[in-house]
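Here's a quick briefing to read with the model open in your viewer. Keep the sequence handy too.

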Amino acid sequence: MKLTAADVVLFQGDSITDAGRQRMDPVTHRPDALGSGYAAIAAARLLADVPGVTVHNRGVSGDRVTDLRDRWNEDCLALRPTVVSVLVGVNDTWHGVAEGTPERGTDPGTFERVYRQLLQDTRDALPGVRLVVCEPFILECGVVPGLNFHPDIDERIARVRAVAGDLADVTVGYPSAFAAALARHDDSAYWAPDGVHPSVAGHQIMADAWLAAVTNS
């Protein structure tokens with residue numbers, strides 16, 4: 001995917017994308033507005049390589065796919081992005097079946113239906129937009145072993161891959177990226193201390209995978 005100074009790149013998702021970004025006055029490209037995670041790391045590379053490109057981070061901690069849908073007009077379509085990157089899914093499991101509160105999550109069928117509709121609505125509203133779908137992931141450490149993440153999260157990853165196969169221009173395979181990282185250093189907590197939220201090293205793995213997938217597509 002060749003990016004130019006005319007492109008507007010939007011990172012969307014949950015706390016992994018949010019990464020502590022300042023939300024009250026999200027001035028584009030100010031470090032605190034981009035957060036401290038993979039989105040900021042990838043944005044820095046894009047801004048250095050493609051001067052003039054615009055990058056937004058609108059990740060919101062705790063978001064499920066239905067929360068993304070509810071704020072999509074303001075936090076996506078109104079920004080008129082030309083590239084939209086979405087990472088969502090872990091909270092649909094974590095705040096649902098993993099914590100024994102399925103009513104707070106999103107069942108897998110609804111998850112896929114809402115995700116598909118969100119991407120299709122984006123294509124309809126923004127002709128020519130390029131969609132980047134990021135696969136959700138967990139690592140077997142921290143809170144993960146003690147909670148019932150499997151098999152629910154595995155099904156969501158499969159459903160995200162199906163959605164991406166039909167609607168995405170680029171898929172970022174985070175489970176594979178972390179599997180490769182673990183092959184080099186077999187300590188899940190090094191990459192994501194609680195099994196969900198990446199460390200600094202984990203965010204670098206994510207940014208590298210994102211850039212490789214997007215810029216090489």
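What follows is a short tour by topic: the sheet, the helix packing, a few single residues and the backbone oddities.

Bear in mind that this is a predicted model. At its heart for this briefing is an open sheet of five strands with parallel pairing. Helix α6 also gets plenty of attention, with contacts to α4 and to α7.

**The sheet**

- Reading across the sheet, the strands come in the order β2-β1-β3-β4-β5.
- At the edges sit β2 (54–57) and β5 (170–172), each of which pairs on one side only.
- From one strand to the next, the twist averages 15 degrees.
- Strand β1 (residues 8–13) pairs with β2 in the parallel sense, over four bridges. If you want a spot to check that register, look at Leu 10, which stands opposite His 56 in β2.
- β1 also pairs with strand β3 (residues 83–87), again in the parallel sense, and here there are five bridges. Val 9 has Val 83 as its bridge partner in β3.

**How β1 is enclosed**

- Six of the six residues of β1 are buried, so this strand is largely enclosed by the rest of the structure.
- Both faces of β1 are covered. One side carries Val 8, Leu 10 and Gln 12, the other carries Val 9, Phe 11 and Gly 13, and all of these are buried.

**α4 against α6**

- Helix α4 (residues 65–75) and helix α6 (residues 108–125) have axes that come within 9 Å and cross at roughly 30 degrees.
- Angles under 35 degrees count as roughly parallel, and α4 and α6 are therefore roughly parallel to each other.
- The crossing of α4 past α6 is left-handed.
- On the α4 side, the contact uses Val 65, Thr 66, Leu 68, Arg 69 and Trp 72. Facing them from α6 are Phe 111, Val 114, Tyr 115, Leu 118 and Thr 122.
- By residue class, the contact of α4 with α6 splits into seven nonpolar, two polar and one charged.

**α6 against α7**

- For α6 and helix α7 (residues 152–167), the axes come within 10 Å and the crossing angle is roughly 25 degrees. That makes α6 roughly parallel to α7.
- The crossing of α6 and α7 is right-handed.
- From α6, the contact draws on Pro 108, Gly 109, Phe 111, Glu 112, Tyr 115, Arg 116, Leu 119, Gln 120 and Arg 123.
- From α7, the contact draws on Asp 152, Glu 155, Arg 156, Arg 159, Val 160, Ala 162, Val 163, Asp 166 and Leu 167.
- The contact of α6 with α7 comes out as eight nonpolar, two polar and eight charged residues.

**Two residues to click on**

- Thr 122 lies in helix α6. With 0% relative accessibility, Thr 122 counts as buried.
- Leaving aside residues up to four places away in sequence, Thr 122 touches Trp 72, Cys 76, Leu 77, Val 84, Val 129 and Leu 131.
- Leu 147 is in the loop between β4 (130–134) and α7. Its relative accessibility is 29%, so Leu 147 counts as partly exposed.
- Again setting aside residues up to four places away in sequence, Leu 147 touches Trp 94 and Ala 98.
- Leu 147 and Val 97 are 50 residues apart along the chain, and their C-alpha atoms are separated by 8.7 Å.

**Backbone oddities**

- As background, most residues other than glycine have a negative phi, and most peptide bonds are trans.
- A cis peptide bond joins His 150 and Pro 151, with omega at about 5 degrees. Pro 151 lies in the loop between β4 and α7.
- Ala 19 has a positive phi, near 50 degrees. You'll find Ala 19 in the loop between α1 (15–18) and α2 (31–34), and at 16% relative accessibility it counts as buried.
- Arg 80 has a positive phi as well, near 55 degrees. Arg 80 lies in the loop between α4 and β3, and at 51% relative accessibility it counts as exposed.

Notes:
Residues are numbered from 1 along each chain as its sequence is written. This is a predicted model: local features need pLDDT of at least 70, side-chain atom pairs count only at pLDDT 80 or more; totals for chains, interfaces and linings use all residues. Side-chain values use heavy atoms; hydrogens and water are left out. Axes are lines fitted to C-alpha atoms, for helices over the stretch in contact, and angles run from 0 to 180 degrees between N-to-C directions. Helices (H or I, at least four residues) and strands (E, at least two) are DSSP runs, numbered from the N terminus. Angles under 35 degrees count as roughly parallel, over 145 as roughly antiparallel, 65 to 115 as roughly perpendicular and the rest as oblique. A crossing is left-handed if the near helix is turned anticlockwise from the far one by less than a right angle, and right-handed if clockwise. Contact means heavy atoms within 4.5 Å. Ala, Val, Leu, Ile, Met, Phe, Trp, Tyr, Cys and Pro count as nonpolar, Asp, Glu, Lys and Arg as charged, and the others, Gly among them, as polar. Two strands pair if DSSP finds at least two bridges between them. Buried means under 20% relative accessible area, exposed over 50%, partly exposed in between (1.4 Å probe, protein chains only).
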